[in-house]
Amino acid sequence: CYLLAIESSCDDTAAAILHNDKVLSNVVATQEIHEQYGGVVPELASRAHQQNIVPVVTAALRKANIDKKELSAIAFTSGPGLLGSLLVGTSFAKSLALGLNIPLIDVNHMQAHILAHFIDEDGYEKPSFPFLAMTISGGHTQIVRVDSYFQMSVIGETIDDAVGEAFDKSAKLLGLPYPGGPLIDKWAAKGNPKTFPFTRPKVEGLNFSFSGLKTQIMYFMQKQIQQNPNFIEENIADICASIQYTIVGILMDKIKKAVKQTGITQVAIGGGVSANKGIRHALKEAEKNMGWKTYLPKFEYTTDNAAMIGIVGYLKYREELVEKNNYVDTGVQAQSRLKI
Ligand code: ATP
Ligand code: FE
């Protein structure tokens, strides 16, 4: 099966070509326009997707050395995400599938962040069922029990901000450009994580909360800057290390609790924040000390990409779930709020 996958849920326009579970090409156009606004501007994102989609798909086909007539199916992100962004990928995928008369497969973006672990990659093992997945991204923070490819249940999630937002908003307070998560990660490597003790929120069960941390950091900065206007510049590495240490602590507390509750010791992470070195290190430590088996995605499959959409498309195609979807069901809609 040669499959084209398209992802356009937020601010990355992405296309990939897969041959079964192997990735032949994985192209991402990141929209830099949002940097100057300190966050994603939905209207601009949608417009940029319109400009990028044809060149990105063309590049993916060319890199894979595949002609569009050789495609067996097209997969696309139907949600969750920004509606105006999703519509660009959805309309494009529908038209192309209709034109080529091949199956069209809708994919849930959050399932894709989890199932990215099933891409065939040298040096990466695939999880076996059941496993726990912690999806940590720009819009979500969830603990998901995964019983099979398409049997998943969310057993914990954030009650306010997502963990990626916690990183990005903290970075913004430090004057770092958007998205600040990777920059906090970079600075954290040079700092002492115990310098500034921030407190972790107390949230029931397996749920998360990150909005209090952001406020706590804001007041802390304001107070420090009053005493020393150069506080941030002088302490950036230690501040970032302390923020990262606190966030990783919150994530680890909950995943440990989930392992205890479910008895499942296989833990996978997915989503943009799974690129973070702090969480990767903490999971590897847990693997050593607590006998877990952990799965860390390859860096190119952490933040938004189309390869992860492609693997879900392939799995649905293989399990013949597409038949239920009809060949080209033009009624398939983009949905900004789509549950796993
Ligand atoms: P969702 O998947 O929930 O719809 P999204 O698609 O916008 O949200 P992703 O692309 O999966 O989110 O992840 C982007 C987030 O990951 C951003 O908040 C970014 O700051 C964060 N991020 C990326 N790399 C790192 C890193 N190394 N450390 C911390 N955060 C990171
Ligand atoms: Fe995402």
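This report walks through a predicted model, from its core to its ligand and two of its loops.

## The nonpolar core

Start inside. The largest nonpolar core holds 86 residues. Among its members, A5, A15 and A16 touch the most others. Helix α7, residues 231–262, gives this core its largest share, 11 residues. Another core lies apart from it. That one has 6 residues, including A45, L82, L86 and A334.

A15 shows how the main core is knitted from separate parts of the chain. Neighbours within four places in sequence are left aside here. A15 is then in contact with L4, A5, I6, V27, V56, V57, A60 and A306. In soluble globular proteins, nonpolar side chains tend to be buried together.

## Helix α2

Helix α2 runs over residues 83–100, which makes 18 residues. From first C-alpha to last, the helix reaches 25 Å. That is close to the 26 Å expected at 1.5 Å a residue. Just after α2, N101 takes a positive phi of about 55°.

Which residues of α2 are buried? They are S85, L86, V88, G89, T90, F92, A93 and A97. An α-helix has 3.6 residues a turn, so residues three or four places apart point the same way. The cover over the buried residues of α2 includes β1 (2–7), α1 (42–64), β4 (73–79) and β5 (104–108). L86 appears again in the core of 6 residues.

## Around ligand 1

The shell around ligand 1 has 23 residues. The closest are G138, G139, G164, G181 and G272. By class, the shell has 14 polar, 6 nonpolar and 3 charged residues. Three helices each supply at least two residues of the shell: α3 (109–115), α4 (163–173) and α5.

## Two loop residues

G39 lies in the loop between β3 (22–30) and α1. Is G39 buried or partly exposed? Only 20 or more C-beta neighbours would make a residue buried, and 12 or fewer would make it exposed. G39 is partly exposed because 14 other C-beta atoms lie within 10 Å. Beyond its neighbours within four places in sequence, G39 is in contact with H34 and Y178. G180 is 141 residues from G39 along the chain, yet their C-alpha atoms are separated by 9.9 Å.

V203 sits in the loop between α5 (181–188) and α6 (211–227). V203 counts as partly exposed because it has 18 C-beta neighbours inside 10 Å. Outside its neighbours within four places in sequence, V203 is in contact with I159, F208 and S209. D11 is 192 residues from V203 in sequence and 31 Å away in space, C-alpha to C-alpha.

Note on methods: Residues are numbered from 1 along each chain as its sequence is written. Chains are lettered from A and ligands numbered from 1 in the order in which they are written. This is a predicted model: local features need pLDDT of at least 70, side-chain atom pairs count only at pLDDT 80 or more; totals for chains, interfaces and linings use all residues. Helices (H or I, at least four residues) and strands (E, at least two) are DSSP runs, numbered from the N terminus. Two residues are in contact if their C-beta atoms, placed from the backbone, lie within 7 Å. A residue is near a molecule or strand if its C-beta atom, placed from the backbone, lies within 6 Å of it. Ala, Val, Leu, Ile, Met, Phe, Trp, Tyr, Cys and Pro count as nonpolar, Asp, Glu, Lys and Arg as charged, and the others, Gly among them, as polar. The expected span of a helix is 1.5 Å times one less than its number of residues. A nonpolar core is a set of buried Ala, Val, Leu, Ile, Met, Phe, Trp, Tyr and Cys residues joined through C-beta atoms within 7 Å.
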